[in-house]
Amino acid sequence: MKITSVPQAAKTDAVVILATKKTDWKKLKVIHRNDINIITSNLKNDIKNFILQGGKVPVVIAIAEDKKEINKTNEAIRKAGNAVCGIANRYKIRTLTVTNESGIAGAHFPFTEGLAMSNYQFIKYRKDEKKTANTLREIKLLTKDSSKTEVTKLQTIIEAIYMVRDLVNEPVNHLNATQLAEAIKAAGVTAGYTTTIFNKKKIEELKMGGLLSVNQGSIDPPTFSIMEYNPANAVNKQPIVLVGKGVVYDTGGLSLKPTANSMDYMKCDMGGAATITGALYIAAKTGLPLHIIGLVPSTDNRLNGNAFAPGDIIDMYDGSTVEMLNSDAEGRMILADALAFAKQYKPELVIDVATLTGAAHRALGDFAIAYMGTADAQKKNQLEESGHEVYERLVGFPLWDEYGDLLKSDIADMKNVGGALAGHITAGKFLEKFTDYPWLHLDIAGIAFFQTNQGYKGKHASAFGVRLLFRFLEKLATTNNG
Ligand code: BES
Ligand code: MN
Ligand code: ZN
């Protein structure tokens, strides 16, 4: 999707008018006077998004609802963008120029975001790709109310979201750990961050036992990718480190996933890796003045004769031992090594993002990220605030000692599972053991990949968390004083 800015709408392009019920329609020259009756009757019937075809070009009306609270208003406007996406493609429109007549300052930005996010498709494996493809290709904003920087930022955010969704939608037979690492590297070439990829030999030399144990059952080698974006004008002395779970497929291993369909979408288990890559992509491409490092441990979790077995004691990268009692709790095994690896950077903050537990999804459903961590209250507030702003909201959970007690092992330093209750918290407690710096853990299981259509968030890969992470990084860049 191309997002550009133009001084005025081209004579032949369809336009969107972002309006309110109080808009003075007669003043808008692009609307044919015969269409005014249609508007009045639609509004009476509470129809808020519709097309008018009486004039020289199609005019799409989108009523922006003022919800009295800016974040809720913006979210309603993103949803209007979703409705207009449907209309535009139904009428085979290629280009839309968005004009903001709503009186809500900047409303065209969330609108365009919702519209562009909705237009995403993953149909490259379909014979009828051309026929099924959306016609909408370009959204134009007016230069008078959109600066170049704002337009470029929005374009970059959309690029990142499409890339993240593509990566998550790609099945394991097209995206193994090596291919994921290559994709991460390729994104860096476009965006402007560097990537170092550790292969299996290097991972063995480093004794990353957590990652290697999960990889034992695989026929493909693991990878460990390190992204780095360090601009000359970085405001932070110590880097921000992002860690993403890169399990390219999760069968559960020998603790095989039980229910009929629980494995069907486990290609999404590298959602965390894709999310942090997306955030780094936006940061680097828009030149955010922040030193950021990204770490992605990656493998699939399968089973063969050599697969790690419940009861195994694993020597982790940090030198501790883990009694592995459930091979389906594999994410924490590979993240533990990455979190321990992050210590060498003496980071200001580490954020890990992972499709880690069904418990997190059960706790909050499709609408929020479960998070926890040891970072200070200011950082947690900034994170939650970012969540409300982009409407990828989070709910904080505690890291009380009692949850950690559930991980005690008789024969090793820790077990990798803590029992049936509060599984997202015991997973968090497990990870905490491998940190010695301010840390935040975001569990995106269930929301990285939706099985039903969630409006502009899409069906299947959602890229939920990408806009959140970038917004949070922006805040860190503006409030950081070294
Ligand atoms: N990848 C899964 C979590 C998941 C669930 C992701 C649903 C996406 C959608 C993770 O590796 C897992 O299997 N977690 C287990 C942990 C348990 C064995 C302690 C779970 O949540 O059941
Ligand atoms: Mn698992
Ligand atoms: Zn998993």
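This passage describes two pockets, one helix and one loop residue in a predicted model.

The largest pocket encloses about 940 Å³ of space. Its lining comprises 34 residues. K257, T357, G358, A359 and R362 lie nearest the centre of this pocket. Two elements, α11 (358–364) and α14 (423–432), give two or more residues to the lining. The largest share comes from α11, with four residues. By class, the lining of the largest pocket divides into 15 polar, eleven nonpolar and eight charged residues.

The second largest pocket holds about 650 Å³ of space. It is lined by 23 residues. Closest to the centre of this second pocket are A9, V15, K29, V30 and V57. Strands β2 (14–19) and β5 (95–100) each supply at least two lining residues. The lining of the second largest pocket has ten nonpolar, eight charged and five polar residues.

Helix α15 covers residues 466–479. Its geometry was checked against the expected span. At 1.5 Å a residue, the 14 residues of α15 should span 20 Å. The C-alpha atoms at the two ends of α15 are 20 Å apart, so the model agrees with the expected value. Burial was then examined along the helix. Eleven of the 14 residues in α15 are buried, and the helix is therefore largely enclosed by the rest of the structure. The buried set begins with V466, R467, L468, L469 and F470. It continues with F472, L473, E474, K475, L476 and A477. Charged side chains thus appear in this set, with R467, E474 and K475 among the buried residues.

S409 sits in a loop, between α13 (401–405) and β17 (414–415). The relative accessibility of S409 is 15%; buried means under 20%, so S409 counts as buried. A polar atom of the S409 side chain lies 3.1 Å from the backbone nitrogen of I411. This separation falls within the 3.5 Å cut-off for a polar contact. Beyond four places in sequence, S409 touches E323, M414 and K415. Two of these partners, M414 and K415, belong to β17 (414–415), the strand that follows the loop.

Notes
Residues are numbered from 1 along each chain as its sequence is written. Chains are lettered from A and ligands numbered from 1 in the order in which they are written. This is a predicted model: local features need pLDDT of at least 70, side-chain atom pairs count only at pLDDT 80 or more; totals for chains, interfaces and linings use all residues. Side-chain values use heavy atoms; hydrogens and water are left out. The expected span of a helix is 1.5 Å times one less than its number of residues. Buried means under 20% relative accessible area, exposed over 50%, partly exposed in between (1.4 Å probe, protein chains only). A polar contact is a pair of N or O atoms within 3.5 Å; within protein, one must be able to donate a hydrogen and the other to accept it, and residues adjacent in sequence count only if both atoms are side-chain atoms. Contact means heavy atoms within 4.5 Å. On a 1 Å grid over the protein atoms alone, a cavity is a set of points where a 1.4 Å probe fits but cannot get out, and a pocket is an open set with protein on both sides within 12 Å along at least five of seven lines; lining residues have an atom within 4 Å of a point. Grid points are joined across faces, edges and corners, and a volume is the space filled by probe spheres set on the points.
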